[in-house]
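Let's take a walk through this one together, starting with charges and working outwards to strands and a pocket. Keep the viewer open as you read.

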Amino acid sequence: MNSIIKFSCQIGLACAMTTSAFADEQKVTLMLGGKFCEAYLGDVEAALAKLSGVKALDLKSMKGHAVVTMDGEKVKVDQLASAVNGVKGDGWHCTGQAMK
């Protein structure tokens with residue numbers, strides 16, 4: 001009986017640790033725009049990937065959007081938009097706005 005209680009506690013601890021590890025994980029969808037931005041999605045992806053706390057990026061499943069999986073304690077939504085807004089070149093630029 002004692003070993004069953006110990007095993008249950010170990011499972012509970014593992015579950016508690018897993019829950020806290022993902023507690024601040026968020027998915028944010030950014031609407032992309034700007035002159036010729038769709039031709040520079042690799043630059044958008046690189047800019048977002050540089051931010052600490054960005055865990056995953058998906059720029060393919062929704063045309064004109066970036067779905068970002070992030071750690072909400074390490075990066076904020078406005079930082080994601082700023083990173084996209086900083087992607088620009090001679091005669092082109094990108095814009096990013098979080099969808100609500």
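A salt bridge here means a side-chain nitrogen of Lys or Arg within 4 Å of a carboxyl oxygen of Asp or Glu. By that rule the structure, which is a predicted model, holds 1 salt bridge. The partners are Lys55 and Glu25, and their closest N and O atoms sit 3.4 Å apart. Lys55 belongs to strand β2 (residues 54–58) and Glu25 to strand β1 (residues 25–33), so this pair ties together parts that are 30 residues apart in sequence. As for the general idea, side chains of opposite charge can pair when their charged atoms come close.

Are these two partners buried or exposed? The answer is in between: Lys55 counts as partly exposed because its relative accessibility is 45%, and Glu25, with a relative accessible area of 33%, is partly exposed too.

Now zoom out for a moment. The protein chain has 3 helices and 6 strands, and from the N terminus on they come in the order α-β-α-β-β-α-β-β-β. Of its 100 residues, 29% count as buried. If you look at contacts with a separation of 6 or more, 61% of them are between residues 24 or more positions apart.

Next, follow the strands. β1 and β3 pair in the antiparallel sense, with 7 bridges between them. One place to pick this up is Met31, whose bridge partner in β3 is His65. β1 also runs antiparallel to strand β6 (residues 95–98), joined to that strand by 4 bridges. On that side, Leu32 has Gly96 as its bridge partner in β6.

β3 has a further antiparallel partner in β2, with 4 bridges. Here you can look for Asp58, which is bridged to Val67 in β3. β2 and β3 form a hairpin with 6 residues between them, and in the turn Gly64 has a positive phi of about 80°.

With those pairings in mind, have a look at Thr69, which is part of β3 (residues 65–71). Is Thr69 buried or exposed? Its relative accessibility is 11%, and because the cut-off for buried is under 20%, Thr69 counts as buried. Setting aside residues up to four places away in sequence, Thr69 touches Glu25, Gln26 and Lys27, along with Gly53, Val54, Lys55 and Ala56. Both salt-bridge partners, Lys55 and Glu25, are among those contacts of Thr69.

Back in β1, find Gly33. Leaving aside its neighbours within four places in sequence, Gly33 is in contact with His93, Cys94 and Thr95. You can also check the C-alpha distance from Gly33 to His65: 8.5 Å in space, for residues 32 apart in sequence.

Gly33 and His65 turn up again in the lining of the largest pocket. What volume does the largest pocket have? It comes out at about 160 Å³. Alongside Gly33 and His65, the lining includes Leu32, Gly34, Cys37, Glu38 and Leu41, and also Leu59, Met62, Lys63 and Gly64. Sorted by class, that makes 5 nonpolar, 4 polar and 2 charged residues. Some of these names should be familiar by now: Leu32 is the bridge partner of Gly96, and Gly64 is the turn residue with the positive phi.

How values were computed: Residues are numbered from 1 along each chain as its sequence is written. This is a predicted model: local features need pLDDT of at least 70, side-chain atom pairs count only at pLDDT 80 or more; totals for chains, interfaces and linings use all residues. Side-chain values use heavy atoms; hydrogens and water are left out. Helices (H or I, at least four residues) and strands (E, at least two) are DSSP runs, numbered from the N terminus. Buried means under 20% relative accessible area, exposed over 50%, partly exposed in between (1.4 Å probe, protein chains only). Contact means heavy atoms within 4.5 Å. On a 1 Å grid over the protein atoms alone, a cavity is a set of points where a 1.4 Å probe fits but cannot get out, and a pocket is an open set with protein on both sides within 12 Å along at least five of seven lines; lining residues have an atom within 4 Å of a point. Grid points are joined across faces, edges and corners, and a volume is the space filled by probe spheres set on the points. Ala, Val, Leu, Ile, Met, Phe, Trp, Tyr, Cys and Pro count as nonpolar, Asp, Glu, Lys and Arg as charged, and the others, Gly among them, as polar. Two strands pair if DSSP finds at least two bridges between them.
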